[in-house]
Amino acid sequence: MPELVTHAFSAYFLGYHRWFRPVRWIFYFAVLLPDLLSRPLYILRPQWVGYTVAVHTPIFAFGVCLLLAELFAASIRNRVRWALLSGCALHFLLDLFQRHLESGYIWLFPFSWESFEIGLFWPEAPLRLVPIWIGLMILFELIWWQRQKRLESGQVGMGGQ
Amino acid sequence: MNRWIRILLYAAALSALIWYGHAYNPAITLPMCLAQPQRYDGSVIEIGTEVTVREILPDGFTIHQMGRVIPVQGPTVGLREGDFVVLSAVFHAPDRLQLKDIYVARGRRRKIVVSIFPVIVVLYVLIRTYRFDVRRFIIVER
């Protein structure tokens, strides 16, 4: 996996799309979710790694998304469900481009134990780009904030006429 | 379908997947080799779960994984003590590895630390945006 800043960056701009905007932070959460489910156990309790085999797989993430969506109020449940599923799908899409020395991710689990990947970069490689991702996100936040401020003041001005 | 039934079904399916992944994983692991060395003698194994280089030796190095220290025979060019590594190696009974291929995951510690920040930010905003209604067992917007 690339680190989670790169994963977050991959979702960041999409989160501003009008469909995602109301559930933007759930979408961002979902793009981190497969690693949040598997890595803490993998790092802190490596002797339990056998139990994490299933956890970082598309089918498991799909199930978790459906389960989490059920915890939300009915009024937003459907949108939350799609935001969670889209975020996880984006996570796996980025992971697909990685390369591994050992077997990579088992995409078709539990139907197959075979692994395949596009293999463009090693898991640690995107770390060098993290300052750029953070810089771009801060810049976009500032531009967005300015734009919102201008729109609000424009509306106030129109209302005052 | 009732919401509670859906929740129980999803939870059961996820538990079953975890169990299946653990019970039927065909991978040969280092703990398996060490537990039954004769059975796995000559097997090629991949070792990547939290493995670090413990010591550089004249003819190889030792790795540390889950409290065990295992000698590995092979080239040590570019290796440093403390490096996270991923290995492909041939297991020789009772407890020796012959290196086939190695990837040094330099930057892994930084990667873990850096990964904590987006998690904190996202969880903070989610907690500010939503709240859990315990009585109805449901997450609602604040």
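1. The side chains of K111(B) and E124(A) meet in a salt bridge at 3.8 Å, N to O, a salt bridge being a side-chain nitrogen of Lys or Arg within 4 Å of a carboxyl oxygen of Asp or Glu. Between chain A and chain B the count is 2 salt bridges.

2. This is a predicted model, in which local features need pLDDT of at least 70 and side-chain atom pairs count only at pLDDT 80 or more, while totals for chains, interfaces and linings use all residues. Residues are numbered from 1 along each chain as its sequence is written, chains are lettered from A in the order in which they are written, and side-chain values use heavy atoms, with hydrogens and water left out.

3. The contact (heavy atoms within 4.5 Å) takes 47 residues from chain A and 47 residues from chain B. Chain A and chain B bury about 4,300 Å² between them, 75% of it on carbon and sulfur atoms, where buried area is the accessible area (1.4 Å probe) that two parts lose on being put together, summed over both. In chain A, the residues that lose the most area to chain B are W25(A), L101(A) and E124(A), together 16% of what that side buries.

4. Helix 2 of chain A, a DSSP run of H or I with at least four residues, numbered from the N terminus, has 21 residues and reaches 30 Å from its first C-alpha to its last, close to the 30 Å expected at 1.5 Å a residue, that span being 1.5 Å times one less than its number of residues. A kink of about 50° lies at L32(A) in this helix, shortly before the proline P34(A), the bend being the angle between axes fitted to the seven residues ending there and the seven starting there.

Technical notes. Helices (H or I, at least four residues) and strands (E, at least two) are DSSP runs, numbered from the N terminus.
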